[in-house]
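Reader: Please take a close look at the residues around the ligand and at how the rest of the chain relates to them. Keep it plain, and say how the elements are named before using the names.

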Amino acid sequence: MKDIGILFIFLIVALAFSCKHEIPVAPADTNKCDTAMVTYSISIKGVISANCGHCHGSTVYTTKGSGYNFDDYNVLKNEVDNGNLAKAINHLPGVVPMPLDKTEKISTCEIRKFMIWIDAGAPNN
Ligand code: HEC
């Protein structure tokens with residue numbers, strides 16, 4: 001009878017461990033870049049505020065952003081029209097590469113969306 005008790009405990013422990021199945025998680029598809037609907041409000045504004053806002057936001061731009069307030073669409077649009085926004089995010093010569101405090105560019109997907117938006121005339125949509 002004692003043996004059956006020990007066997008029982010063994011079974012419980014074995015069962016408990018057998019439940020540690022790893023649920024496979026699909027790896028994030030890093031190649032996926034949804035450019036189906038690129039708009040200023042959906043694709044651009046948030047990226048600017050996350051990567052550029054701490055220098056070009058409306059509360060800091062005079063001291064940290066060299067006077068460029070990119071919370072103001074018209075200021076950003078001006079940098080589109082003179083070609084500097086595209087140059088800055090692509091790290092092309094002629095302007096200071098942005099974001100200024102990082103060596104890396106914003107992501108390839110973000111840059112693609114910016115270029116789509118810029119090529120469309122940078123609408124305030
Ligand atoms: C650490 C602060 C900082 C961050 C972050 C930053 N900028 Fe700038 N940005 C500056 C400063 C300072 C200048 C003025 C550079 C100069 O002319 O010397 C500038 C200038 C610019 C200009 C004008 C072109 C030029 O080089 O004069 C553009 C366009 C620009 N930034 C875009 C961006 C974008 C887009 C981001 C985010 C992806 C960004 N910046 C992030 C500080 C920053």
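Author: Helices are DSSP runs of H or I with at least four residues, strands are DSSP runs of E with at least two, and the elements are numbered from the N terminus. This is a predicted model. By that count the chain has six helices and zero strands, so its order from the N terminus is α-α-α-α-α-α.

There are 21 residues around the ligand, and those that come nearest are C52, C55, S66, V95 and M98. By class, the shell holds 12 nonpolar, six polar and three charged residues. Two helices, α3 (53-56) and α5 (84-90), each supply at least two residues of the shell. The larger share comes from α5, which gives the most, with four residues.

Take S66, one of the residues nearest the ligand. S66 lies in the loop between α3 and α4 (73-81). Its phi is positive, about 55°, although S66 is not a glycine. Is S66 buried or exposed? A residue is exposed if 12 or fewer other C-beta atoms lie within 10 Å of its own. S66 has 11 within 10 Å, so it is exposed.

M98 also belongs to the nearest group. A cis peptide bond, with omega about 0°, joins M98 to P99, and P99 sits in the loop between α5 and α6.

Two of the nearest residues, C52 and M98, also belong to the largest nonpolar core. That core has 12 residues in all: besides C52 and M98 it contains V38, I44, I48, F70, L76, L85, I89, F114, W117 and A122. Three helices, α2 (40-51), α5 and α6 (108-119), each supply at least two residues of this core. In soluble globular proteins, nonpolar side chains tend to be buried together.

A122 of this core lies in the segment after α6. Like S66, A122 has a positive phi in a residue other than glycine, in this case near 50°. How many other C-beta atoms lie within 10 Å of A122? The count is 20, so A122 is buried, whereas S66 is exposed. V38 is also in the core. Leaving aside residues up to four places away in sequence, V38 touches S43, K113, I116 and W117.

The helix α2 can be followed in more detail. Its 12 residues, at 1.5 Å a residue, should span 16 Å, and the end C-alpha atoms are 15 Å apart, which agrees. The buried residues of α2 are S43, I44 and I48. Seen down the axis of α2, these residues fall within an arc of 100°, so they line one face of the helix. I44 and I48 are the α2 residues just listed that also appear in the core. The cover over this buried side includes α3 and α6. On the face turned away from the buried side, α2 carries the exposed residues S41, I42, G46 and A50.

Over the chain as a whole, 14% of the 125 residues count as buried. Among contacts with a separation of 6 or more, 48% are between residues 24 or more positions apart.

Technical notes: Residues numbered from 1 in each chain as written. Predicted model: local features only at pLDDT ≥ 70, side-chain atom pairs only at ≥ 80, totals over all residues. Near = placed C-beta within 6 Å. Nonpolar A, V, L, I, M, F, W, Y, C, P; charged D, E, K, R; others polar. Core = buried A, V, L, I, M, F, W, Y, C linked by C-beta atoms within 7 Å. Contact = placed C-beta atoms within 7 Å. Expected span 1.5 Å × (residues − 1). Arc of directions from axis to C-beta.
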